[in-house]
Amino acid sequence: MSQCIDLNREDELHRLDTTGMFAALESLSGQCAEANRELVEKVPLSGIEAISNIVVTGLGGSAIGGDLLRVYAAGRIATPIVVNRDYLLPEFVGPDTLVFAVSYSGNTEETLSAYAEALGKGASIVAITSGGKLGEAARQDGFPVVTVPGGFAPRAANGYLFVPMLKVLHKLGLLSDMTEEIDETVVVLKDMCNKLGPAAVEAANPAKQIASRLYGKIPVIWGVAGTSEVVAQRWKGQINENAKSPAYWNVLPELNHNEIVGLQFPEEILKKIHVVILRDEKDHPRVQKRIEITKEVLQGKIDGFSEVRSSGNGALARLYSLLCTGDYVSVYLAALNGVDPGPVKAIDFLKNELQNR
Ligand code: F6R
């Protein structure tokens with residue numbers, strides 16, 4: 001199978017990228033920095049109190065920040081966090097719930113429906129959006145709105161959609177001050193962009209190397225519970241939306257109890273599977289052993305394994321280092337597939353169709 005584009009041809013990479021996805025990836029550190037110091041500063045949060053649970057409601061690129069929050073905040077916050085990707089909210093939602101209604105466009109119908117339900121249940125709501133119907137409704141209903149800059153694809157606005165939740169929770173006294181961890185993340189992301197960006201040649205660029213290994217294959221991304229699990233899901237979504245390729249994800253140790261048994265038939269399809277394992281220094285030591293044994297069990301049955309290790313000191317920087325690698329991999333895989341990473345015609349079509357039915 002011949003690749004559509006030589007990943008060392010920076011001009012070709014940019015030619016295919018008509019919506020500026022590379023520039024958007026590069027802006028992730030700036031988004032985190034802006035959200036760390038500015039976006040939430042003037043958002044009035046008075047009146048939000050006695051919160052005993054938190055729900056983040058959103059879809060796709062607007063929901064993944066909720067999972068990042070759930071994983072990152074575990075161990076740092078006593079309040080349970082649930083991520084909701086549906087029209088309806090969990091039954092427990094009530095006046096003691098803080099609902100983050102997150103929709104980059106502000107027009108996603110499931111999120112608007114969940115917002116209306118949160119309103120009806122008397123929950124405290126904070127909207128995070130670039131505008132749209134959600135921004136309008138929340139403002140009219142008197143809820144705080146974190147207005148993020150427009151002009152990005154929702155999946156490329158992750159820093160804007162995630163970091164404000166940390167800031168809001170800190171302002172509400174539910175989470176300690178994460179400013180320094182976010183600062184470190186900004187530095188790590190800048191460094192990653194230099195190492196993984198289009199100007200870095202494939203021989204020295206792990207994202208280009210992994211994309212080449214995934215080309216023509218079915219990517220399966222494995223994360224580890226409590227650390228990289230959410231990033232595995234992010235890789236999957238980014239490969240779907242940017243590279244227009246199927247991708248699947250799962251989590252260790254759970255996959256040791258089912259998925260490894262299922263990787264036996266059909267043999268010719270299994271040879272197309274390439275597994276990427278996302279690793280972090282804080283992975284449970286027993287899980288690290290499990291990874292080695294799992295690789296032995298599957299040796300020769302699938303195309304192969306790639307491993308990506310997180311970098312940075314703080315948990316947030318390490319999470320984002322893995323996320324950033326996946327984002328670049330997905331855009332290089334788009335290039336190898338010969339597709340523009342930006343447009344997501346199937347999602348647009350579906351949303352349009354739903355408006356007329
Ligand atoms: C597109 C993308 C999608 C959207 C999803 C919800 O870039 O990432 O997954 O995030 O369709 O739309 P919003 O984020 O506007 O609520």
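Me: Which residues does Thr-294 touch, not counting residues up to four places away in sequence?

Reply: Thr-294 touches Trp-222, Leu-252, Asn-256 and Ile-260, where a contact means heavy atoms within 4.5 Å. This is a predicted model, where local features need pLDDT of at least 70, side-chain atom pairs count only at pLDDT 80 or more, and totals for chains, interfaces and linings use all residues. Residues are numbered from 1 along each chain as its sequence is written, and side-chain values use heavy atoms, leaving out hydrogens and water.

Me: How far apart are Thr-294 and Asn-256 in sequence and in space?

Reply: They are 38 residues apart in sequence, and their C-alpha atoms are 7.4 Å apart in space.

Me: Why is Thr-294 called buried?

Reply: Its relative accessibility is 4%, and buried means under 20% relative accessible area, with exposed over 50% and partly exposed in between (1.4 Å probe, protein chains only). Thr-294 therefore counts as buried.

Me: What makes Cys-32 and Cys-324 buried?

Reply: Happily, the same test settles both: Cys-32 has 0% relative accessibility, so Cys-32 counts as buried. Cys-324 has a relative accessible area of 2%, so Cys-324 is buried too.

Me: How do you know that Cys-32 has no bond to Cys-324?

Reply: A disulfide is a pair of cysteine sulfur atoms within 2.5 Å. The closest cysteine sulfur to that of Cys-32 is in Cys-324, at 9.9 Å, so the pair is too far apart for a bond.

Me: And why is Cys-324 not bonded to Cys-193?

Reply: Their sulfurs are 4.6 Å apart, which is too far for a bond, although Cys-193 holds the closest cysteine sulfur to that of Cys-324. A search of the whole structure finds 0 disulfides.
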